[in-house]
Amino acid sequence: MRMFAIVLLCSLLMGCSEEPSRIQDELDMGQYTKAVDQATRQDPMDDAAQLMVRLETQFASYHFHDAVTTARKIEQLPLTQDNSVRLRAKSIQLSAEAMIERLKQAAGTYQIERSILDDGLQEQSFPATGQVKVSFGKPHTLLATIQYEQFGTTDATRSDTETVRFEPDLSARLAQSEGLVSYVFSRAGLTVTFEGPGGKRIYQLKKADQ
Amino acid sequence: MERCSLCGTPLETEATACSYCKHPVLKKQRFDEDLPVTPPVNPRRHVLSFIIIFALAVGSIGTWYALTQIDSARTTLAAPVQALPVSDWSDETSAYNQTYSSENPPASYDILKFVRQYTQTVPETANYSKATDTLETFSAIQFATLDAFQSEVGALRTIHVASDSPIPPRLQTVDFKRFVSKGDSYQVRTIETYQLPAGHQLVTYDVRYNVRLHTDHLQITHIVRTEVPA
């Protein structure tokens, strides 16, 4: 009887004294590489710290599909609902999924709706023609291929392909020999602006299949 | 003093019946003789009861703690996790003028953002000419030490040769490959691709950065850039 009671007590105490993680402070402050550096393999949060480093490098590389996969792995770890690692991973997952969705909506064929020449003094529309096809890459989710088809002013069209690195706000600015080209996706469509010595040529494009 | 329960006559101390009505004294307490004899105390029983009480206390504290945990989980669920604002993780805000302290150390994503924003200065660094340019006007100086900048100028020769074209080379991709902390410094390895204006040719580099916290801001102290053959 006495032995039984002692064994019962010991098992109760073992259940209560789950080994706390030494690296929780680093994890709470988002210092995941420092956490990995300080953790031993026995630390209960070592796996979480390593996966967070992987998740952040994928997210910083704009590999959104890979980031979602890693975030799901973190979700499966035995972490409490309010654990800072779980919350951060979930936020990154939601951000990556939102970007994938936005890029899906942005990809497609665009046709010119309006074309405006702004020479600094006045704005006037000019005749323009053609369309552009936009697709986004994988794993480089923000690297777009922009295919021009008979695009531009009616007397000088271009038909070529450009690879453009977009920023997460879905805009891009590319320096040219004299001026620059900017691309901005918005809810309304795509605006392509060619800025040069003669002023700005602004093309407002609308998705063809909408 | 005790009295007879029938007639109320005062009783003598040792009396077994009332001196007046002869009513027997039934429930007269005789404390000095009637004290119960306590059985010998068993020390094992003491230990056992202590263990049981202790176990119960630990158990109830554990249950209470578990219940508070469930409660806090519920409050978290009440405020659902949201996606991060794009400005938090993109390059909208510049990383080179962020300051840190021991209370506000750089998070690991801050280091990645810092290196990613540095790569945007690389096309400009490739055009640096010792003869004609002032060092201070180059953005890379905001991120890296003078030694690191000069090693970059030497390592970016391929881009520099191609950048005779009026169109500057463009950053295309930055892939973070390895990211570790060693004490106070950070090591980041990237694979970077730049597009040259001439015929859309691509140049890929394998780059190793050493980043450290210099007083209150981040600084790249060492860069090893190796061109990866296509």
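1. Which residue in the turn of the hairpin formed by strand 8 of chain A and strand 9 of chain A has a positive phi? It's A:Gly189, at about 155 degrees. The hairpin itself puts 4 residues between the two strands. Strand 9 of chain A covers residues 190-196, and 6 bridges tie strand 8 of chain A to strand 9 of chain A in an antiparallel arrangement. If you'd like a pair to look up on screen, take A:Ser182, whose bridge partner in strand 9 of chain A is A:Thr193.

2. Before going further, keep in mind that this is a predicted model. For chain A the average pLDDT is 88, and 90% of the residues score at least 70. Confidence varies from element to element, though: helix 5 of chain A has the highest mean pLDDT of the elements in that chain, at 95, while helix 1 of chain A has the lowest, at 56.

3. Now step back to the hairpin before the one in point 1. Here strand 7 of chain A connects to strand 8 of chain A through 2 residues. Strand 8 of chain A spans residues 179-185, and its pairing with strand 7 of chain A is antiparallel, with 6 bridges. Two of the partnerships are handy for tracing it: A:Ser171 is matched with A:Val184 in strand 8 of chain A, and A:Gln176 is matched with A:Gly179 in strand 8 of chain A.

4. A couple of backbone details in chain A are worth a look. The peptide bond between A:Lys138 and A:Pro139 is cis, with omega at about 5 degrees. You'll find A:Pro139 in the loop that runs between strand 3 (128-136) and strand 4 (143-153) of chain A. The other detail is A:Leu170, which isn't a glycine but still has a positive phi, of about 60 degrees. A:Leu170 lies in the loop between strand 6 and strand 7 of chain A.

5. On to the helices. Helix 4 (residues 46-60) of chain A packs on helix 5 (residues 64-75) of chain A at an angle of about 160 degrees, and their axes are 9 Å apart. Since angles over 145 degrees count as roughly antiparallel, that is how helix 4 of chain A stands to helix 5 of chain A. Their crossing is left-handed. From helix 4 of chain A the contact involves A:Ala48, A:Leu51, A:Met52, A:Arg54, A:Leu55, A:Gln58 and A:Phe59, and these meet A:Asp66, A:Ala67, A:Thr70, A:Ala71, A:Lys73 and A:Ile74 of helix 5 of chain A. Sorted by class, this contact has 8 nonpolar, 2 polar and 3 charged residues.

6. Helix 4 of chain A also has a partner in the other chain. It packs against helix 4 (residues 108-119) of chain B at about 30 degrees, with the axes 10 Å apart. Helix 4 of chain A is therefore roughly parallel to helix 4 of chain B. The crossing of helix 4 of chain A with helix 4 of chain B is right-handed. A:Val53, A:Glu56, A:Thr57 and A:Ala60 face B:Ser108, B:Tyr109, B:Leu112, B:Lys113 and B:Arg116 in this contact. The classes here come to 4 nonpolar, 2 polar and 3 charged residues.

7. What about the contact between the chains as a whole? Chain A puts in 42 residues and chain B puts in 46. On the side of chain A, the elements giving two or more residues are helix 1 (2-16), helix 3 (32-38), helix 4, helix 6 (84-106), strand 6 (161-165) and strand 7 (171-176). Helix 1 of chain A gives the most, with 8 residues. I'd read that beside the mean pLDDT of 56 for helix 1 of chain A. By class, the residues on chain A's side divide into 20 nonpolar, 13 polar and 9 charged.

8. Last, have a look at the sheet in chain B. It is an open one, built from 4 strands in the order 1-2-3-4 with antiparallel pairing. Strand 1 (170-182) and strand 4 (217-228) of chain B sit at the edges with a single partner strand each, so each has one side without a neighbour in the sheet. From one strand to the next, the twist averages 20 degrees. Strand 3 (residues 202-214) of chain B pairs with strand 4 of chain B over 11 bridges, in the antiparallel sense. One place to find that pairing is B:Arg212, whose bridge partner in strand 4 of chain B is B:Gln219.

How values were computed:
Residues numbered from 1 in each chain as written. Chains lettered and ligands numbered in written order. Predicted model: local features only at pLDDT ≥ 70, side-chain atom pairs only at ≥ 80, totals over all residues. Pairing = 2+ DSSP bridges. Axes fitted to C-alpha atoms, helices over the stretch in contact; angles between N-to-C directions. Parallel < 35°, antiparallel > 145°, perpendicular 65-115°, else oblique. Left-handed = near helix turned anticlockwise from the far one by under 90°. Contact = placed C-beta atoms within 7 Å. Nonpolar A, V, L, I, M, F, W, Y, C, P; charged D, E, K, R; others polar. pLDDT = per-residue confidence, 0-100.
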